[in-house]
Amino acid sequence: MVKKILLPLILGFCTTTAFAQDDNEMKEQEYSAPKPLVIEGYGEVYYGYDFNQPTSNNRPDFVYSHNRHNEVNVNLAMLRAKYEKDRVRANIGIMAGTYANANMASEPGVLKNIYEANGGVRLHKFRELWLDAGVFESHIGPEGAISMDCPTLTRSLIAENSPYYEAGVRLSYRSINQKWYFALMHLNGWQRIQRVNGNSTPAGGMQITYTPTNKLTFNMSTFVGNDQPFGVVKMRYFTDFYAIMQLSKRWQVTAVADLGLQQTADGSSTYDDWTGFALITKYKVNRRSAWVARGEYFRDPYYVVAPNDAGSVGAGFFLWGYSLAYDRWVTKNVLWRVEGKGYAGKNPMFRRGGAWFNDDYVLTTSLAFRFNNRKNH
């Protein structure tokens, strides 16, 4: 009699437990499944003090990021949506801040507030082969507009004098082992959403990234095109190389080199050139703190990409830079930084009072934060 009573109870309990475990596993899988739509926000507030004390409170014209003097301001405030499901993906980001005002000055109207706006389709069911079109983050260099994703608080000279964004069509492929990435682009120009007037010549680029281990990344990016208005054709050829090396748990080194050529005149067989390099070393004190040192040099003797409005107009742009910074993660989503930077030029190019000098010193601090809805709560 006891057996007849206990046996059904035991079987029922086991069955209920099994279903409960299955239900819990399904809930855990649903919890950990990636969301197809991610909303992300980013903001960076900064204060910069330029010891040359520019009367306009604007940093020199070759500075686009963190370019205001002696005021608390927003370098970049950005809100974007990312969607990826099955074989389609899209990104839409809007922005404001002093970076947007300075770097997007040539774009008309509301285009100035587009951080990115692109969509793509996966061309192969089992391979990461994508075709995307729209406005993208630039494929050139390891530094972008989002300071939190860069090794230093402020941008290097070569980053300031190469595209932060681009618009066009991109065909990309990532290998199955995730070690190789290839991309080809058809672009509207050198950092252009809207083409310059009278320019209809094609422009393009290429990117190859090799990541043999999670401690090494090698990249080569190129640009070919004409950025002149009103029917003038002066072809530009540009290549960027960089390597990111995680030497140990504490030490990381980023090395960058740029080389550019542009025809001296329409149809000319001679070229003006410019070059630059940067070496950035990061020492991680602990999981929250780090020191970052940078040395850099940029030369543009013919003012192909650098501004030509300093006290030594026509003498060429030759500039050394160096910086030392301290980073502190307040939380995993909030980063405080302080950086001292110096410049030393071959020619007088910095205005101080009523005269021109060849040096400049800047102290900058920033607080950056990021949030998103990647995790279910």
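## Val169, a partly exposed strand residue

With a relative accessibility of 36%, Val169 falls in the partly exposed class, because buried would mean under 20% and exposed over 50%. This is a predicted model, so keep that in mind as you look around. Val169 sits in strand β6, which covers residues 165–174.

What does Val169 touch, once residues up to four places away in sequence are set aside? Its contacts are Leu131, Asp132 and Ala133, plus Leu184, Met185 and His186. As for Phe136, 33 residues away along the chain, its C-alpha atom is 9.3 Å from that of Val169.

## The nonpolar cores

In soluble globular proteins, nonpolar side chains tend to be buried together. Here, the largest nonpolar core is made of 27 residues. If you want to find the residues with the most contacts inside this core, pick out Phe62, Phe223, Trp274, Phe298, Phe317 and Leu319. Two or more residues each come from α3, β7 (180–187), β10 (235–246), β12 (271–284) and β14 (317–331). Of these, β7 hands over the largest share, four residues.

Phe317 is a good one to click on. Leaving out residues up to four places away in sequence, Phe317 touches Phe62, Phe298, Arg299, Asp300, Pro301, Tyr303, Ala306, Pro307 and Met349. Apart from the largest core there is another one, with 19 residues, including Tyr99, Ala100, Ile146 and Tyr164.

## The largest cavity

Rolling a probe the size of a water molecule over the atoms shows where empty space is left. How many cavities of 30 Å³ or more turn up in this model? The count is three.

The largest cavity holds about 90 Å³ of space. It is lined by 13 residues, and those closest to its centre are Arg59, Val63, Thr154, Lys341 and Tyr343. Sorted by type, the lining has five charged, four polar and four nonpolar residues. Both β15 (334–345) and β18 (359–372) put in at least two residues, and β15 gives the most, with three.

## The second largest cavity

Next comes a cavity of about 70 Å³. Its lining is made up of Ile140, Gly141, Pro142, Glu143, Ile158, Ala159, Ser162, Pro163, Tyr164, Asp240, Val256 and Asp258. Two elements, α3 (157–160) and β11 (251–263), give two or more residues to this lining. By type, the lining of this second largest cavity splits into seven nonpolar, two polar and three charged residues.

Some names come up twice: Tyr164 lines this cavity and is also part of the 19-residue core.

Notes. Residues are numbered from 1 along each chain as its sequence is written. This is a predicted model: local features need pLDDT of at least 70, side-chain atom pairs count only at pLDDT 80 or more; totals for chains, interfaces and linings use all residues. Side-chain values use heavy atoms; hydrogens and water are left out. On a 1 Å grid over the protein atoms alone, a cavity is a set of points where a 1.4 Å probe fits but cannot get out, and a pocket is an open set with protein on both sides within 12 Å along at least five of seven lines; lining residues have an atom within 4 Å of a point. Grid points are joined across faces, edges and corners, and a volume is the space filled by probe spheres set on the points. Ala, Val, Leu, Ile, Met, Phe, Trp, Tyr, Cys and Pro count as nonpolar, Asp, Glu, Lys and Arg as charged, and the others, Gly among them, as polar. A nonpolar core is a set of buried Ala, Val, Leu, Ile, Met, Phe, Trp, Tyr and Cys residues joined through side-chain atoms within 4.5 Å. Buried means under 20% relative accessible area, exposed over 50%, partly exposed in between (1.4 Å probe, protein chains only). Contact means heavy atoms within 4.5 Å.
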